[in-house]
Amino acid sequence: MASLTFRTIASNSFPSGLADFGVSGVHTKGSLTVASKKWCNRGVKVTNVATRSPPPSTSLAPDIESTDEDEHKSVAWTSIRQERWEGELAVDGEIPLWLSGTYLRNGPGLWDIEDYKFRHLFDGYATLVRLHFEDGRLIAGHRHVESEAYKSAQTNKKICYREFSEVPKQESFLSYVGELAGLFSGASLTDNANTGVIKLGDGRVVCLTETIKGSIVVDPDTLDTIGKFEYTDSWNGLIHSAHPIVTDTEFLTLLPDLIRPGYVVVRMEPDSNERKVIGRVECSGGPAPGWVHSFPVTEHYIIVPEMPLRYSAGNLLKAEPTPLYKFHWYPDSKAFMHVMCKASGKIVASVEVPLFVTFHFINAYEEKDEDGRVTSVIADCCEHNADTSILDKLKLENLRTHSTEDVLPDARVGRFIIPLDGSPKGELVAALDPNQHGKGMDMCSINPLYLGRKYRYAYACGAQRPCNFPNTLTKIDLFTGTAKNWHEEGAVPSEPFFVARPGAIEEDDGVVISIISDKNGEGYALVLDGTTFQEIARASFPYGLPYGLHGCWVPKINV
Ligand SMILES: CC(=O)/C=C/C=C(C)/C=C/C1=C(C)CCCC1(C)C
Ligand SMILES: CC(/C=C/C=O)=C\C=C\C=O
Ligand SMILES: [Fe+2]
C-alpha cells in the first residue's frame with residue numbers, strides 16, 4: 001500500500017515556498033503567473049505534499065482536448081495531482097465578519113491512473129476543497145480523500161474497484177469470475193466518496209457517494225481521512241441515496257432494494273451509527289427501483305421519487321459503460337411520487353406523475369387549505385425534461401470540448417404537485433420560465449432553515465448559451481418567477497452554496513459561496529451577496545481547481 005507521507009513547512013516567502021511545495025505538480029496552465037500576482041502567504045502555516053514527487057510527465061494537464069485551446073484553458077475537467085495544499089488567499093473585496101466557519105466542497109478531482117484515463121465526470125477520485133472564513137480572512141486548501149479505491153489505485157497503478165462507469169480490467173477468466181462475485185458481495189464496489197460531504201448533528205463530517213461503503217469520516221480542519229463510517233445496524237444493502245437529508249437532529253436516507261423493487265426509508269440520530277427503519281415503499285412500476293440520487297422532505301413527510309431511469313442488473317454486469325451507465329430508461333414503467341409519513345412510516349399517497357429525469361431535488365413543502373389540512377405536497381427538482389442524455393453529456397470528452405455548439409440539454413425547475421386526497425395522478429410543471437436561468441439548471445441549494453417549508457429562493461447553476469455545461473450562478477425567485485444571474489465568460493462555477501447570516505430574518509439574508517474554475521486555468525473562491533446576488537469578494541487560489549460537486553458548512557463553534 002502506498003504510504004503518503006506529508007511534511008509541514010512554514011514559509012514566509014512565496015516563490016521559494018511554492019517551489020518547495022512542488023506546486024508544479026498541481027495541474028496548471030498559467031497558474032504560477034497568477035499565483036505570484038495574487039496569492040499571498042501571510043506567514044500562516046502552509047501544509048503541503050508529498051515527499052513523493054508528483055508524476056513528472058502527467059503533471060501539466062496534457063489530457064485536455066480543446067478545439068480552441070488558446071482561449072480556454074479551464075482545468076475544471078483536469079486531474080489535480082497535488083495530494084494536498086493549504087494556505088491563506090488574498091481577498092479582493094470584503095468577506096463579511098459574521099462569516100465564521102468552514103465551507104467544504106467534495107467532488108471528483110483525479111481522473112487518471114498512469115496512462116489510463118477515466119471517461120466520466122463521476123468516476124474521478126474524491127478531492128475535498130476547504131475554505132475557512134474567519135475575521136474577513138480566508139484560508140484555503142484541498143486534499144484527496146484516502147479511500148481504499150484511491151489508495152489501491154495509487155499503489156497498483158490501476159483501477160481496483162468498480163467506479164461509476166469504470167470497471168477494473170481482469171487478466172484471467174478466474175479473476176473475472178472473482179470480480180463478478182465481488183460485485184454481489186459489494187467487495188468490488190468503490191468506496192470513492194466523491195459526491196458530497198455532510199456535517200452530522202454530532203459534528204462528524206462524512207464524505208459520501210452512492211455505495212454505502214463509500215461513507216468516509218474526515219477532519220474538517222486538516223482534511224485528513226479519519227476512517228470509514230461504519231453503520232452498526234444490520235442493514236446489508238450496498239447502495240443508498242447520495243444526498244441524505246441532514247439536520248442537527250437527524251440523518252434520513254433511502255436504501256433502494258434491487259431484489260424486491262422498493263425503497264427502505266431509514267433514520268439515524270446524532271451520536272449514533274445505527275439506521276432505524278421508518279418504513280418501506282414498494283415500487284409501483286418497473287423491474288427495479290428508480291435511481292434515487294436525492295429525495296426531498298417536508299415537515300411531516302418523506303417524499304420518495306420513483307424515476308423511470310431505474311437501476312439495471314444487466315448494465316451493472318457490463319464491463320464497458322453503456323450510454324445510461326448502470327441504469328436503464330423504462331418509459332413504460334411510468335413515474336411515481338410516494339409520500340411517507342415521517343412519524344408512522346405509512347404511505348399517504350402514491351401518485352403517477354409525468355416522466356422525469358432529475359439528479360437533485362431542491363426542496364418540498366406542504367400546501368394547506370383554510371382549515372389547516374394538508375391538501376398537497378409541492379416538490380421541486382432540477383428536471384432535465386425527461387431526457388436521459390444529460391448523463392452522457394457529463395462524459396469528460398464532451399466536457400473537455402470547447403466548441404461554441406450549444407449542446408447542454410435544457411433543464412428547468414420541475415415542480416411536482418402531489419395531491420393527498422386520494423387522486424391517482426400528480427402534476428409536473430415548470431416552476432418558472434426556464435429562459436430566466438438559460439434553460440439549463442442543476443446543482444442547487446436553499447437556505448437550510450427553509451428545508452421542508454414553503455420557500456422563496458433557490459440557488460443553482462444556470463446556463464448562458466451556447467454552452468456544454470452550466471456556466472452561470474442563478475438565484476431563482478419562485479414567488480415572482482424571475483432569476484438573477486452571475487456569469488463570467490469561460491468560467492465553470494460549482495454549486496452555489498447559501499450560508500445564512502446569524503440572526504437573519506429574510507430568507508435570502510446571507511452569502512452564496514461558489515468555487516470557480518476560470519477560462520485561464522486558474523481558480524478562485526467567490527462570495528456573492530445572497531440578496532443582491534452581486535459579488536462581494538473573491539480570492540484566487542495559486543492553482544486551477546477541478547470542478548467539484550457538493551458542499552457543506554461547518555460553523556465555527558463559539559466557546
Ligand atoms: C458522483 C456521483 O454523483 C455519483 C456517483 C455514483 C456512483 C459512484 C455509483 C456507483 C454504483 C456502482 C459502482 C455499482 C452499483 C450501482 C451504483 C450505485 C450506480
Ligand atoms: C453536474 C450535474 C449536472 C449538470 C447538468 O446540467 C450533475 C451532478 C450530479 C451529481 O451530483
Ligand atoms: Fe448530487
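A charge counts as sitting over a ring if NZ of Lys or CZ of Arg is within 6 Å of the ring centre and within 35 degrees of the ring normal. With that in hand, here are some close-up views of this predicted model.

**View 1. Arg 453 and Lys 475 each sit over a tyrosine ring**. The charged end of Arg 453 is placed over the ring of Tyr 450, with 4.8 Å to the ring centre. Lys 475 does likewise over the face of Tyr 457, where the distance to the ring centre is 4.3 Å.

**View 2. Three histidines reach oxygen atoms of ligand 2 with their side chains**. His 550 places a side-chain N or O atom 2.8 Å from an oxygen atom of the ligand. For His 293, a polar side-chain atom is 3.1 Å from an oxygen atom of ligand 2, and for His 360 the corresponding distance from a side-chain N or O atom is 3.2 Å. On its own, ligand 2 would expose 350 Å², of which the protein buries 99%. Strand S24 (358-368) and strand S28 (441-445) are the elements that contribute two or more residues to the shell around this ligand.

**View 3. The shell of ligand 2 holds 14 residues**. Coming nearest are Phe 122, His 293, His 360, Pro 470 and His 550. Sorted by class, the shell has nine nonpolar residues, four polar ones and one charged residue. Look out for Phe 122 here, as this residue also belongs to an aromatic cluster, together with Phe 164, Trp 291, Tyr 311, Tyr 325, Phe 327 and Phe 359.

**View 4. Ligand 1 is surrounded by 15 residues**. Asn 194, Thr 195, Thr 209, His 293 and Leu 316 come nearest to this ligand. Taken alone, ligand 1 has 500 Å² of accessible area, and the protein covers 97% of that. The shell is made up of seven nonpolar, four polar and four charged residues. His 293 may look familiar: this residue is also among those that come nearest to ligand 2.

**View 5. Tyr 103 and Phe 497 make a tilted aromatic pair**. This is one of 26 aromatic pairs in the structure. The ring centres of Tyr 103 and Phe 497 are 5.4 Å apart, with 45° between the planes. Tyr 103 belongs to strand S5 (residues 101-105) and Phe 497 to strand S33 (residues 497-500), so the pair ties together parts that are 394 residues apart in sequence. Tyr 103 is buried at 0% relative accessible area, and Phe 497, at 13%, counts as buried too.

**View 6. Tyr 459 and Phe 498 make a stacked aromatic pair**. Here the centres are 5.3 Å apart and the planes 10° from each other. Because Tyr 459 lies in strand S29 (residues 457-462) and Phe 498 in strand S33, the pair ties together parts that are 39 residues apart in sequence. Tyr 459 is buried, with a relative accessible area of 1%, and Phe 498 is buried with a value of 1%.

**View 7. Ser 344 lies in the loop between strand S22 (335-341) and strand S23 (347-353)**. This serine counts as partly exposed, at 41% relative accessibility. A polar atom of the Ser 344 side chain is 3.1 Å from the backbone nitrogen of Lys 346. If you follow the chain, Ser 344 and His 300 are 44 residues apart, and their C-alpha atoms are separated by 9.9 Å.

Key: Residues numbered from 1 in each chain as written. Chains lettered and ligands numbered in written order. Predicted model: local features only at pLDDT ≥ 70, side-chain atom pairs only at ≥ 80, totals over all residues. Heavy atoms only, no water. Near = heavy atom within 4 Å. Polar contact = N/O pair within 3.5 Å; in protein donor to acceptor, adjacent residues only side chain to side chain. Areas by Shrake-Rupley, 256 points an atom, 1.4 Å probe, with all protein chains shown as cover. Helix = DSSP H or I, 4+ residues; strand = E, 2+ residues; numbered from the N terminus. Nonpolar A, V, L, I, M, F, W, Y, C, P; charged D, E, K, R; others polar. Phe/Tyr/Trp six-rings, centres within 6.5 Å; stacked < 30°, edge-to-face > 60°. Buried < 20%, exposed > 50% of the residue type's maximum accessible area, 1.4 Å probe, protein only.
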